[in-house]
Structure formats: C-alpha cells, structure tokens
Amino acid sequence: MIGLAAAYAFRHRQHTVTVIDRGPPGGECSRGNAGWVVPFLSGPLPAPGLGLRSLGWMLRRDSPLHVDLRALPGLAPWLWRFWRHCNARDYAHGLEAVATLNGATMRLFDAWAADGVAFEMHQSGLLVVFLDRAHAPEAMVDFAALEDLGYAVPKLLTGDALRAIEPDLSEQVTGGFLVESERHVRPESLTAGLARRVEELGVTVRSGVGVLGAVGGGRVIRALRTSEGELAADRFLIAAGAWSGRLAATMGAALPVEAGKGYSITVADPALSLRRPLYFGEAKIGVSPFRNSVRVAGTMELSGMNTRLHVRRLAALRRSAERYLRVRPAWERGEEWVGLRAITPDGLPLIGRLPGYDNVYVATGHGMLGVTLAPATAELVADLMDGCTDDVAASFDPARFARRT
Ligand SMILES: Cc1cc2nc3c(=O)[nH]c(=O)nc-3n(C[C@H](O)[C@H](O)[C@H](O)COP(=O)(O)OP(=O)(O)OC[C@H]3O[C@@H](n4cnc5c(N)ncnc54)[C@H](O)[C@@H]3O)c2cc1C
C-alpha cells in the first residue's frame with residue numbers, strides 16, 4: 001500500500017519510477033486488513049497505562065495484545081523502548097502529529113478516485129460499541145485533541161439506540177458512539193487499483209523481484225542488488241512494511257521496526273447485514289462490511305518475524321466477535337489470513353531519509369493505520385525527496401532513533 005501510494009505521488013511529480021516487490025504488490029499486510037480510513041484513530045499504540053496492562057495480557061492467549069514469551073528475549077530491547085513511550089506526554093505528541101498528517105487524508109482518497117484509481121470505498125462512518133457502557137468515555141477522550149480536524153465529540157448512544165441503527169448487534173451491547181465522517185475501503189481493491197493506475201501512468205512494476213542489498217559507497221547508493229541483478233537509480237525508497245528493518249540492515253542502518261501480527265477472517269455471504277464498520281471496544285476487533293462479504297479483524301501479537309497462523313488466536317477472535325453480534329457469522333465459509341504490521345517503539349511511522357544516507361528514504365512503521373495514512377505518507381515522502389521540508393515531518397524522521405549497526 002505504502003510503496004504503491006508513493007510510486008503514484010512520485011510519478012505525478014514527473015519522476016521515472018520502478019516498484020520492486022518480492023511478491024505481488026499488495027500481497028502482504030495490505031491485503032487482509034480491515035481497510036478502515038479512520039483519522040479519528042490517530043492515537044499511537046503506546047498509550048498511558050498500556051505498559052502495565054500488557055504485562056497481564058502477556059499471559060492470556062485471547063488478549064487483544066499478546067507478547068509471545070518465547071520471543072521475549074529477542075524483543076526485550078524493543079519492548080523496553082516501547083514501554084517508555086507509554087506515557088501521557090508522548091501519547092499527546094503522537095496523536096497531534098498523526099492527526100495533523102491525517103488532515104489531508106479524505107481529500108487525497110477522493111483525489112485518487114477522481115484520477116481513475118478504481119477501488120471499493122464506502123462512506124458510512126464507524127460505529128464504536130461496548131459491552132460495558134462505562135468503557136465508552138475512555139474511547140472518546142481523543143476527540144478533544146481532534147477538534148482542529150473538524151471532529152465534534154459524538155453523542156453516547158444506548159444499546160437500544162445502537163441496535164436501531166445496526167440491528168445485527170447483540171443484546172449484550174450496552175453503549176457506544178457513531179463517528180460519521182470515517183470511511184472504509186476494500187484494501188485488496190485499493191492496491192490492485194493503485195498498481196493498475198501507476199502502470200497506466202508509466203511506472204514499471206516488477207513483481208517477484210527481491211531486494212537483497214545495495215551497491216555503493218559512503219552515503220550514496222548507486223544501485224540495488226536484487227534477485228534479478230542490479231538496478232540503478234538516483235534515489236531509493238524502502239517501503240517494505242515489517243521487513244523494512246531487515247532491508248535497512250543490509251545497508252548497515254538500524255530501524256527499530258517490529259512485527260505486530262494480526263488476523264482476519266473474511267466471510268463470504270455471511271448471514272449478517274451490516275450497514276457500516278463496527279469496532280468492538282473491549283475486544284479491539286474491527287468488522288468491515290464489503291460488497292458480498294464481511295471481514296472480522298484484530299489482535300496484536302508480538303512474536304517476532306513470522307507469519308505462523310495460530311488457530312487458538314483465530315478461535316479467540318471468533319469467540320470475542322460473537323458476543324457483540326446477534327447472528328453468528330458463517331465462519332465455515334471464511335478465509336483466514338495473517339499479516340504483519342510494521343510497528344515502532346513510539347507508535348509513529350518512519351517517514352524520511354534513512355540515517356547515514358543521502359539518497360535512501362524510508363516510509364514504514366504505520367502500525368494499525370497504513371491504509372489510512374498511505375496517501376498522506378506518499379505526499380510527505382515525495383515532498384521530502386524533492387527537497388521540501390515540513391514542520392510535521394520532524395515527528396516522523398527516522399533519525400529520531402538513529403544508530404548505525
Ligand atoms: C488485522 C489487521 C487489520 C488492519 N486494519 C487496518 C485498517 O483498518 N486501517 C488501516 O489503516 N490499517 C490497518 N492495518 C494496518 C495496515 O494493514 C498496514 O499498516 C499496511 O498494510 C502496511 O502497508 P505496507 O505497504 O507498509 O506493508 P506491506 O503491505 O506489508 O508491504 C510490504 C511489501 O514489501 C515487500 N517486501 C518486503 N521485503 C522485501 C524485499 N527484501 N524485497 C522486495 N520486496 C520486499 C513485501 O512483499 C510487501 O509486498 C491492519 C493490519 C492488520 C494486521
């Protein structure tokens with residue numbers, strides 16, 4: 001998603017662009033996610049109080065955030081940095097920075113659609129619901145900081161009021177609120193639409209070509225070493241999602257990117273008739289209705305770089321989702337999926353120059369917001385590559401973690 005969006009922005013600035021992906025572009029984390037476009041959820045992952053709460057979650061397999069104890073020794077230095085960002089000051093800074101970057105998000109999605117990027121997009125808002133009504137105000141605190149983006153604090157709704165607008169919610173739901181401005185896309189349709197459009201605009205898209213390292217000396221790279229030989233260029237962008245840290249390491253640079261594993265189940269003909277996406281507050285599960293299917297997505301598992309699909313986590317996802325729904329989705333017709341989000345210790349993306357290099361840039365670390373932030377990230381990194389600086393860019397500068405290996 002991020003690489004294709006960036007290619008689109010570079011091409012519109014008249015650059016000659018080649019996208020290289022070791023698989024089909026859009027085949028990894030950008031495929032089976034919930035597809036929400038939600039500037040309202042701009043708050044970073046490390047939140048005040050999360051450090052302590054996640055210690056308890058570590059021991060529970062069905063918790064929304066799970067740290068695999070076997071991976072703990074390798075993850076410990078990264079987790080330590082993450083926990084140090086679980087405070088009110090860093091959270092407020094991160095929320096403001098991401099919300100500011102998101103200021104252009106809806107306009108940029110409309111611009112893609114107007115320019116012939118064909119994709120499935122819905123503008124039906126986001127309904128946030130809770131089993132315990134007392135939990136809703138906690139989810140509403142960010143609205144005060146989001147006022148500049150045009151958000152008003154939504155009205156708290158009772159379970160009955162929620163069921164009146166979304167009849168498939170269960171009787172167990174007792175409260176929630178509707179954020180009317182939010183949207184969602186079918187992410188596979190967006191990456192396919194972007195890939196098609198950038199090719200029409202003259203971008204070369206090379207699938208099945210892995211990047212192995214770089215050729216050059218000092219601060220400048222001359223070419224990439226790929227599975228199909230060298231590829232020369234004058235500027236390079238690493239947008240390899242959760243694998244970006246590994247790619248940067250081949251160039252001797254350290255990027256603190258960890259994999260946050262998530263799961264989804266896409267049920268065709270689901271026996272549910274949802275009108276809009278739902279966020280199940282306590283379980284931290286998202287549900288997205290698409291044309292002819294519904295996708296249930298969630299969990300954040302820190303277990304290192306692997307795409308192993310744990311059936312127990314999927315069972316927990318199904319079980320938790322069922323509590324919020326009146327109708328049991330036809331799980332037996334579901335497609336199960338696992339994806340790796342790229343996450344950083346402060347929960348903010350890495351957008352800017354790769355530390356130690358003059359002509360290598362990075363755009364990754366979008367955590368739970370890579371779809372939402374794709375167009376704004378692309379514009380920002382294209383501006384930076386063209387030599388423009390921006391106040392908001394400082395918060396995302398990869399140099400904030402700079403250290404050469
Ligand atoms: C369960 C779940 C639900 C989510 N829901 C949402 C949501 O509702 N809204 C939202 O905004 N975000 C959501 N996200 C997050 C979003 O999916 C990601 O932030 C986004 O897809 C990241 O895109 P990316 O382009 O950075 O990474 P990826 O899509 O992972 O792309 C990285 C690409 O790099 C390629 N690559 C890696 N290494 C190499 C190499 N050495 N050589 C060549 N190519 C390489 C890979 O093949 C891949 O195609 C969700 C994530 C999960 C897991």
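How many bridges join β4 to strand β8, and in which sense do the two strands run? Keep that one in mind for the first exercise. A quick heads-up before starting: this is a predicted model.

**Exercise 1. Work out the sheet that holds β4 and β8.**

Solution. Start with the pair itself: two bridges join β4 to β8 (residues 183-185), and these strands run antiparallel. To pin down the register, take M121, which stands opposite V185 in β8. Now widen the view: three strands make up an open sheet, ordered β2-β8-β4, with antiparallel pairing. The edges are β2 (36-37) and β4 (121-122), each of which pairs on one side only.

**Exercise 2. Describe how α1 packs on α9, and say how the two helices are oriented.**

Solution. Two packed helices are described by the angle between their axes and the distance between the axes. Here, the axes of α1 (residues 2-12) and α9 (residues 187-200) come within 9 Å and cross at roughly 30°. Angles under 35 degrees count as roughly parallel, and α1 and α9 are therefore roughly parallel to each other. The handedness of this α1/α9 crossing is left-handed. For the residues, L4, A5, A7, Y8 and R11 of α1 meet T191, L194, A195, R197 and V198 of α9. Sorted by class, the α1/α9 contact has seven nonpolar, one polar and two charged residues.

**Exercise 3. Now do the job for α1 and α12.**

Solution. The axes of α1 and α12 come within 8 Å, crossing at roughly 35°. The crossing of α1 past α12 is right-handed. On the α1 side you'll find I2, A5, A6, Y8, A9 and F10, which meet G370, A374, P375, T377, A378, E379, V381 and A382 of α12. The class tally for the α1/α12 contact is 11 nonpolar, two polar and one charged.

**Exercise 4. Is α5 roughly parallel or roughly perpendicular to α12?**

Solution. Get the geometry down: the axes of α5 (residues 105-114) and α12 come within 9 Å and cross at roughly 85°. Angles of 65 to 115 degrees count as roughly perpendicular, so α5 is roughly perpendicular to α12. The contact pairs up T105, L108, F109 and W112 of α5 with T372, P375, A376 and E379 of α12. These residues of α5 and α12 split into five nonpolar, two polar and one charged.

**Exercise 5. Find the strand order of the sheet that α12 lies across, and place α12 on the strands.**

Solution. Three strands form this open sheet in the order β13-β20-β19, and the pairing is mixed. Its edge strands are β13 (236-238) and β19 (350-353), each pairing on one side only. From one strand to the next, the twist averages 20°. Zoom in on β19 and β20 (residues 360-364): they pair in the antiparallel sense over four bridges, and R353 has Y361 in β20 as its bridge partner. Finally, drop the helix on top: α12 lies across β13, β19 and β20, and runs at about 165° to β20.

**Exercise 6. Which residues are closest to the ligand, and which elements supply its shell?**

Solution. The ligand is surrounded by 39 residues, and the closest are N33, A34, G241, G262 and G370. Elements giving two or more residues to the shell are α1, β1 (18-21), β14 (258-268), β18 (334-343) and α12 (370-385). To finish, sort by class: the shell has 19 nonpolar, 16 polar and four charged residues.

How values were computed: Residues are numbered from 1 along each chain as its sequence is written. This is a predicted model: local features need pLDDT of at least 70, side-chain atom pairs count only at pLDDT 80 or more; totals for chains, interfaces and linings use all residues. Axes are lines fitted to C-alpha atoms, for helices over the stretch in contact, and angles run from 0 to 180 degrees between N-to-C directions. Angles under 35 degrees count as roughly parallel, over 145 as roughly antiparallel, 65 to 115 as roughly perpendicular and the rest as oblique. A crossing is left-handed if the near helix is turned anticlockwise from the far one by less than a right angle, and right-handed if clockwise. Two residues are in contact if their C-beta atoms, placed from the backbone, lie within 7 Å. Ala, Val, Leu, Ile, Met, Phe, Trp, Tyr, Cys and Pro count as nonpolar, Asp, Glu, Lys and Arg as charged, and the others, Gly among them, as polar. A residue is near a molecule or strand if its C-beta atom, placed from the backbone, lies within 6 Å of it. Two strands pair if DSSP finds at least two bridges between them.
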